[in-house]
Amino acid sequence: MLDLQVPLLAAKALLLLLLFAFIYAVVRRGVGDLRAVPDDEVFVPGVENKPPPRRRAQERPAFGQNGREKDSVLVVEDSEVLAPETRFPVAGGVMVIGRSSSSDIVLKNDDYASGEHARLTRHAGLMYVEDAQSTNGTYVNGRKAVGATPLKSGDRVKVGSTTFRYSE
Amino acid sequence: MTQRATIPMAIALLITTLGFATLIFVQEAKSPPLIYGAYYAGTMVALYLGVRLWLPHADALLLAVVTLLTGVGLVMIYRLTYDVSGRENLATTQAGWILVGTAALVLTALLFKNYHRLFNYKYLLAAVAVGLIASTIFFGYEVNGAQLWLKVGPVNFQPSEFARIALIIFFAGYLADTRDLLAATSRTILGVQVPALKYFGPVAFVWAASLGLLVFEKDLGSSLLFFAVPLLMLYVATGRIAYVILGALLFAAGSLTTYYLFDHVQVRVQTWLDPWSDPNGTGYQVLQSLFSIADGGITGTGLGEGFSQAIPEVQTDFIFSAVASELGLLGSTALLLAFLVFVYRGIKISLLAADDASKLLAFGLTSMFAIQTLIIVGGVTKAIPLTGITLPFVSYGGSSVVGNFILTGLLLVVSENAGRRAAEEATPEFVEGEAA
């Protein structure tokens, strides 16, 4: 039996090694996933609904004036106080939408908006909208936003009487 | 979201092969007919390829993790039972269950690729869940003190494994419809925003259901799951901490009452606090488990060298102790990490899903998987009182394996939908780049 000891020890070590190799293989995918959150995408207006070409996303070159930050915009779709198709670029940090003049997006004289109505925050490559305890609530795609709600390109965000279209 | 997982799949199958090879040498165990191993590997690879083909955007990493967990489970079940008379064929039976589970996964993916249909039948599903649970009260029979088995023809199964999934689908659909109402607050108590009293109905419902399980079926583990998972889903849907506080209070009240009313609960708690008070009786199982785990040390005794066969029911509830004993701290950590990866992928699927119902469905299924693992691993390591429940995919048990395969199938179709949507969104942006 003694001559079996060495191969068995090797098998045991190999088994443990393989177990961690497996964990490494799946976790590496996961980490890659987190990195794959596209933060080098740049919005170019006017070319939204073309048919998609069959090409891998990784081959897409980085371009635009800002390679790191994603240029997201809120476009006014329908509003009583803002002109339609007004574009508000959404940068990093926290942005406040509300009636008060200190807001980043000011909804002046909108009777349905609160002073500080909603907050936009970018976190880990995703844009979140959060209702700031407003009276009438913030709606994403017609549903009341509860807590921080992640936004996807094309989502409709309703603050007071104004509906924004979010695009990345 | 699109994921190839060929390398993890290959490693997982390699681990299983190496495990069986070691066992054959170390214990001069009679080799199981090689063809079974080929069947197992073939089934998993076919499943993987089928999912890649049929659900190209689905999260295939889940399948790699499932392959590893079922593989390690098979190796351990074979090692623990091949020389126990009356149980020699458990590993083969388990392999059969994995085959059935695979079929169930494929069926789930085929029938419910458009899983939103399920939400239309949510009340029916809730009724089915309650019916399944109730059926064991009337027609079930007891195994080890818990009456949760049902005999249908030649097959014994545990309906609660399937009732759970039905209940989660129901709650996902129900909460997606009513979350606005449930989240609406009427007043604030001690800084906590409290919804109106009438909206606490769902909490009361799951509380009653889980208490019923506990009282009538003596199934501590399932009752804990039935309570915790809907509560977590409720919290995620509404963001109201009040539900969690109320849930915890109800849980405390329920636990205390049942502790004083029922002997079997008292025994469990007593065993947890002091297994040495009756080391050859009630404390025997937990003590043997602790000895086995301690015996494993850092790198383990090596497959086939440990003495974890001394633990009663080691191939089901206590399989984690056997893994810790023979693969050591390192091996059992790797196994727990594999569970963690599964949960991480599940939460990610839930984040990427398009609508509330899908998000809640993915979250509910994932949290059930996570809590189940937590309860049983905590139980066998004496961190919490032991409640008989299976370690997902690893433990021996047909209903558990099939139920978890169905769970994985549902997660896969949700991730397929989310992935397809993401892919459709990602491509137009590329065109914009070309235009610029």
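Student: Which residue of β11(A) is the bridge partner of A:Leu74?

Tutor: This is a predicted model, and in it A:Leu74 has A:Tyr166 as its bridge partner in β11(A). That pair belongs to a longer ladder, for strand β1 (residues 72-78) of chain A and strand β11 (residues 162-167) of chain A run antiparallel and are joined by 5 bridges. In the same stretch, A:Val73 stands opposite A:Ser167 in β11(A).

Student: With which strand does β1(A) pair over 4 bridges?

Tutor: That strand is β2(A), again in the antiparallel sense, and there A:Ser72 has A:Val90 as its bridge partner. Taken as a whole, the sheet is open, has 6 strands in the order β2-β1-β11-β10-β7-β8 (chain A), and is paired antiparallel. Because β2 (87-90) and β8 (143-144) of chain A each have a single partner strand, they stand at the edges, with one side lacking a neighbour in the sheet.

Student: Where does A:Glu168 lie, and is A:Glu168 buried or exposed?

Tutor: A:Glu168 is found in the segment after β11 of chain A. To judge burial, one counts the other C-beta atoms within 10 Å, and 20 or more make a residue buried; A:Glu168 has 20 of them, and therefore counts as buried. Sequence distance and spatial distance can also be set side by side here, since A:Glu168 and A:Asp71 are 97 residues apart in sequence, yet their C-alpha atoms are 6.2 Å apart in space.

Student: What is the order of the open sheet of 5 strands in chain A?

Tutor: The order is β4-β3-β5-β6-β9, and the pairing is mixed. The parallel sense appears between strand β3 (residues 94-98) of chain A and β4(A), which pair over 2 bridges, with A:Gly98 and A:Val106 as bridge partners. Strand β5 (residues 118-123) of chain A, by contrast, runs antiparallel to β6(A) and is joined to it by 6 bridges, and A:His123 stands opposite A:Leu126 in β6(A). On β6(A) there is also an antiparallel pairing with strand β9 (residues 149-151) of chain A, over 3 bridges, in which A:Val129 has A:Thr149 as its partner. The edges are held by β4 (105-106) and β9 of chain A, each with a single partner strand, so one side of each has no neighbour in the sheet.

Student: Which side chains of strand β6 of chain A point to the buried face?

Tutor: Along β6 (residues 126-131) of chain A the side chains alternate, so that A:Met127, A:Val129 and A:Asp131 point to one face and are buried, whereas A:Leu126, A:Tyr128 and A:Glu130 point to the other and are not.

Student: How many residues does the largest nonpolar core have?

Tutor: As a general idea, nonpolar side chains in soluble globular proteins tend to be buried together. The largest nonpolar core here has 137 residues, and among those with the most contacts inside it are A:Phe22, B:Ala64 and B:Val414. This core takes at least three residues from each of domain 1 (1-111 + 275-356 + 376-436) and domain 2 (116-261) of chain B. A second, separate core of 19 residues includes A:Met127 and A:Val146. As for A:Phe22, apart from neighbours within four places in sequence, this residue is in contact with B:Pro8, B:Ile11, B:Ala12, B:Ile15 and B:Leu68.

Student: How many helices and strands are in chain B, and how is chain B divided?

Tutor: Chain B has 15 helices and 5 strands, and 51% of its 436 residues count as buried. The division is into domain 1 (1-111 + 275-356 + 376-436) and domain 2 (116-261). Their contact takes 10 residues from domain 1 and 13 residues from domain 2 of chain B. On the domain 1 side, helix α15 (residues 398-435) of chain B gives the most, with 6 residues, and by class that side has 3 nonpolar, 6 polar and 1 charged residues.

Student: What span should helix α4 of chain B have?

Tutor: At 1.5 Å a residue, the 22 residues of α4 (residues 90-111) of chain B should span 32 Å, and the end C-alpha atoms are 31 Å apart, which agrees. An α-helix has 3.6 residues a turn, so residues three or four places apart point the same way. Among the buried residues of α4(B) are B:Ala91, B:Gln94, B:Ile98, B:Gly101 and B:Leu105.

Terms used:
Residues numbered from 1 in each chain as written. Chains lettered and ligands numbered in written order. Predicted model: local features only at pLDDT ≥ 70, side-chain atom pairs only at ≥ 80, totals over all residues. Buried ≥ 20, exposed ≤ 12 C-beta atoms within 10 Å, placed from the backbone. Pairing = 2+ DSSP bridges. Domains from an automatic or database assignment. Contact = placed C-beta atoms within 7 Å. Nonpolar A, V, L, I, M, F, W, Y, C, P; charged D, E, K, R; others polar. Expected span 1.5 Å × (residues − 1). Core = buried A, V, L, I, M, F, W, Y, C linked by C-beta atoms within 7 Å.
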